[in-house]
Amino acid sequence: MRSLALLAASMLCLSAASLCGAAAAEDKIVNIYFWYDYVPADTITEFEKQTGIKVVYDTFDSVDMLTTKALTGGSGYDIIMPGAALVGQYAKAGAIQKLDKAKIPNAGGLNPDIMAFLARQDPGNVYALPYAYGTTGIMYNPAKVAARMKDAPVDSLDMIFKPEIAAKFQDCGIAMVDSPEGVMSVALNYLGFDPFSTDEAELRKAGALLAAIKPYIRHFKSGSIMSELAAGDLCLALGWSGDAIGANARAADSKNGVDVRYSVPREGTEIFFDVMTVPVDAPHPENAHALMNFLMAPQVSARFTNATLYPNAVQAATPLVDETVRDNPNIYFSKDMLKRLFAAQPRDPKSLRRVTRLWTSFVTGTN
């Protein structure tokens, strides 16, 4: 393991050095627009030390904020991080540029199965690189669930979508992420439909499925699900894999006796990707490529996964990830598991409006 780490470090230094020369003509700065706390502080320090390029890290808390800046242009950012489903929209609008893979040699080590998923949204994988991925699934407190339902189907979306089961957990709290397209695609798939169906009758059936469980949902506050699960204030949620695993880590750190677990639903679910793209008017594109290459280095990718518990797509990073993380089938999926997952797809404007109306009706409890 020690020799592997030393080899990886040597490769990192060589890669950084080769790109540093190319970036010499630009100001020594790279402006990035990522989710909060998505690059460990020591990673930024290491990159700045090795390249002399200062990282200016701005954050967004909604995809709408990112899309507005991306499509308006003139943001001043060198790397932005949309979900993969937005890459096609950004590319069609001329908002992002094709990547120069020759300047990102570490991208050659990305998992081909993950890249195949991304190619459905970025044909040829020319605009985007995967930074992290995860799934939407069942987050739960096993003790609270068992106290209310023996042999509860915790690996099934029946836990959420069957009113007679959801009702059993109303008292201890059920939450759901505020993700209209994501939840609707999961609901459609659960019903046996195409997750991205545009058929009005099928969309109405998915809306009715959600409306039936509305009385048992405590809230749709995506940002508070992790902390509430960690504190034992919720017993069940439909949410994101990294948040569930993070909630369990928080609970362990606080020694409060709470256990939080996560299941990828056996019916299948959405796999999502946070990707790195370069705006068409990025002021420092060479520096952007240098940072992306650095972030794709095996030991850097492993550090990210160990810190956030979101998996990365760098194959050589897997042996460097903590054993308890890399051996967790709900974080690093088997090939059989991957067959049950579907990647988010952009909707046409008409069906998107229908989904938005159905979601608003669900959340507000109106018809």
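**View 1. Helix α14 gives the largest cavity 3 of its lining residues, the largest share from any element.** This is a predicted model, and we start inside it. Two elements, β5 (129–140) and α14 (298–308), each put at least two residues into the lining of the largest cavity. The full lining consists of Pro-130, Tyr-131, Leu-295, Met-296, Val-300, Ser-301, Phe-304, Asn-312 and Val-314. Sort those by type and you get 7 nonpolar, 2 polar and no charged residues. The space they surround has a volume of about 50 Å³.

**View 2. The second largest cavity has charged residues in its lining.** The count gives 2 cavities of 30 Å³ or more, and here we look at the second largest, with about 30 Å³ of space. Around it sit Lys-69, Ala-70, Gly-73, Ser-75, Ile-80, Ala-95, Pro-279 and Asp-281. That lining splits into 4 nonpolar, 2 polar and 2 charged residues.

**View 3. Helix α13 is largely enclosed by the rest of the structure, because 10 of its 11 residues are buried.** The helix covers residues 285–295. Its buried residues are Glu-286, Asn-287, Ala-288, His-289, Ala-290, Leu-291, Met-292, Asn-293, Phe-294 and Leu-295. Two of them turn up in other views: Leu-295 helps line the largest cavity, and Glu-286 forms a salt bridge with Lys-103.

**View 4. Glu-286 and Lys-103 form a salt bridge, with their closest N and O atoms 2.5 Å apart.** The pair links distant parts of the chain, with Glu-286 in helix α13 and Lys-103 in the loop between β4 (96–97) and α5, 183 residues apart. While Glu-286 is one of the buried residues of α13, Lys-103 counts as partly exposed because its relative accessibility is 23%. Bring in Asp-100 and you have a network of salt bridges linking Asp-100, Lys-103 and Glu-286. The model's salt bridges come to 11 by count.

**View 5. Asp-155 and Arg-266 join two loops through a salt bridge, so parts 111 residues apart in sequence are tied together.** The N-to-O distance is 2.6 Å. Asp-155 comes from the loop between α6 (142–148) and α7 (158–161), and Arg-266 from the loop between β8 (261–263) and β9 (269–276). Both partners are partly exposed: Asp-155 has a relative accessibility of 31%, and Arg-266 has a relative accessible area of 44%.

**View 6. Asp-158 and Lys-162 meet side chain to side chain in a salt bridge, 3.9 Å from N to O.** Asp-158 is the buried partner, at 14% relative accessibility. Lys-162, at 31%, counts as partly exposed.

**View 7. Asp-122 is buried yet has no salt bridge.** Look for Asp-122 in the loop between α5 (112–119) and β5. The nearest side chain of opposite charge belongs to Lys-101, 6.7 Å away. What Asp-122 does have is a backbone neighbour: a polar atom of its side chain lies 3.0 Å from the backbone nitrogen of Tyr-127.

**View 8. Pro-346 counts as exposed, with 52% relative accessibility.** Pro-346 belongs to the loop between β11 (341–343) and α17 (349–364). Also in this view is Tyr-133, 213 residues from Pro-346 in sequence and 17 Å from it in space, C-alpha to C-alpha.

Technical notes: Residues are numbered from 1 along each chain as its sequence is written. This is a predicted model: local features need pLDDT of at least 70, side-chain atom pairs count only at pLDDT 80 or more; totals for chains, interfaces and linings use all residues. Side-chain values use heavy atoms; hydrogens and water are left out. Buried means under 20% relative accessible area, exposed over 50%, partly exposed in between (1.4 Å probe, protein chains only). Helices (H or I, at least four residues) and strands (E, at least two) are DSSP runs, numbered from the N terminus. On a 1 Å grid over the protein atoms alone, a cavity is a set of points where a 1.4 Å probe fits but cannot get out, and a pocket is an open set with protein on both sides within 12 Å along at least five of seven lines; lining residues have an atom within 4 Å of a point. Grid points are joined across faces, edges and corners, and a volume is the space filled by probe spheres set on the points. Ala, Val, Leu, Ile, Met, Phe, Trp, Tyr, Cys and Pro count as nonpolar, Asp, Glu, Lys and Arg as charged, and the others, Gly among them, as polar. Lys and Arg count as positive and Asp and Glu as negative; His and the chain ends are not counted. A salt bridge is a side-chain nitrogen of Lys or Arg within 4 Å of a carboxyl oxygen of Asp or Glu. A polar contact is a pair of N or O atoms within 3.5 Å; within protein, one must be able to donate a hydrogen and the other to accept it, and residues adjacent in sequence count only if both atoms are side-chain atoms.
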